[in-house]
Amino acid sequence: MSHPVIGIFGGTFNPVHVGHVRAAIEVAEALGLAAVEFVPAARPPHKGGEPLLDFALRLRLCRLALGDLPGFSVNAMEADRPGPSYTRDTLETLGRQRPDEEFCFILGMGDLLSLPTWKDGLNLGRLAHLAVHAREGLGLPHFRAFVAERAAAMGAVPTSEPAVWGLPGGRRLTYVPVSRLDVSSSDIRERWRRGGRIHGLVSEAVRHELDNHAAALRAGWGRPAPA
Ligand code: ATP
């Protein structure tokens, strides 16, 4: 496989935070990815009840969070698709539009465990490599147990490496331990609503942009922050 492998980091990014950026960097370094694209979901199917910033602002925040980090960029492709933003559609479109590249979808362990509820979730490994990073304290044994139970549905076969399963088409499903930054977008939104500081949880460029969009935040995240 001589094609460059591009990491695809999907998420709601409401807002993007330092945990996202660190996890993406560590997965890219561990797997030798040629580049990583953050792909914000325009209409995330799993977060229906969540108060959401509009897509253009989440996109801009992702660009600011990545700054000039070499090899890292933001891909707005989900903006153009009507209806819910399904990962299987994104990976299928990428494969069709960019046949000279390979893609590796990067997901957290919590997302792996919920794959059976995603549209065609257990088939994602038929469209791209998969890299699962551990964040929630769930380690390699959980990863192996989950995959072993669904190996037939996923077309996954064990390899001599405990952290790697083979997938159809010579692709790989790899478990990648990353340093765990206990940061989440929901916690950031909650702190913001309480009027708390979010310094250190997001980059300074992201924090400035959030400050500049207080009205959009009030509209997107619900309850106003105390004055
Ligand atoms: P929320 O708190 O609103 O559920 P979130 O912080 O989990 O959001 P998402 O945009 O839903 O952020 O996450 C996108 C991807 O980033 C997912 O694969 C998720 O597992 C991963 N991720 C989120 N937070 C972290 C973190 N602190 N460290 C590593 N990965 C993370």
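**Notebook: confidence and salt bridges**

I began with confidence, since this is a predicted model: the chain has a mean pLDDT of 91, and 94% of its residues reach 70 or more. I then looked up how confidence is spread over the elements, and found it lowest in helix H9 (residues 214–221), at a mean of 82, and highest in strand E3 (residues 72–74), at 98.

Next I turned to the charged side chains. How many salt bridges does the structure hold? I noted 16 salt bridges, and I followed up three pairs, each within a helix, as entered below.

*Helix H1.* I looked up Glu26 and found a salt bridge to Arg22, in which the closest N and O atoms are 3.0 Å apart. Both residues belong to helix H1 (residues 18–31), where they are four residues apart, about one turn of the helix. Is Glu26 buried or exposed? I recorded Glu26 as buried, because its relative accessibility of 16% is under the 20% cut-off. Its partner Arg22, by contrast, is partly exposed, with a relative accessible area of 34%.

*Helix H3.* I then went to Arg96, which forms a salt bridge with Glu92, and I wrote down 3.7 Å between the closest N and O atoms; that pair counts because the cut-off is 4 Å. Arg96 and Glu92 are separated by about one helical turn, because they are four residues apart in helix H3 (residues 87–97). For accessibility I entered Arg96 as exposed, at 56%, and Glu92 as partly exposed, at 34%.

Which residues are linked with Arg96 and Glu92 in a network of salt bridges? I found that the network also takes in Arg88, Asp89, Lys119 and Asp120, so I marked the Arg96–Glu92 bridge as belonging to a wider set of linked residues.

*Helix H7.* My last pair was Arg191 and Asp187, whose side chains meet in a salt bridge at 2.8 Å, N to O. What separates the two along helix H7 (residues 185–193)? I noted about one helical turn, because Arg191 and Asp187 are four residues apart in that helix. Both ends of this bridge came out as partly exposed: Arg191 has a relative accessible area of 30%, and Asp187 has one of 28%.

Looking back over the entries, I have a buried Glu26 facing a partly exposed Arg22 in the H1 bridge, an exposed Arg96 with a partly exposed Glu92 in the H3 bridge, and two partly exposed partners, Arg191 and Asp187, in the H7 bridge.

How values were computed:
Residues numbered from 1 in each chain as written. Predicted model: local features only at pLDDT ≥ 70, side-chain atom pairs only at ≥ 80, totals over all residues. Heavy atoms only, no water. pLDDT = per-residue confidence, 0-100. Buried < 20%, exposed > 50% of the residue type's maximum accessible area, 1.4 Å probe, protein only.
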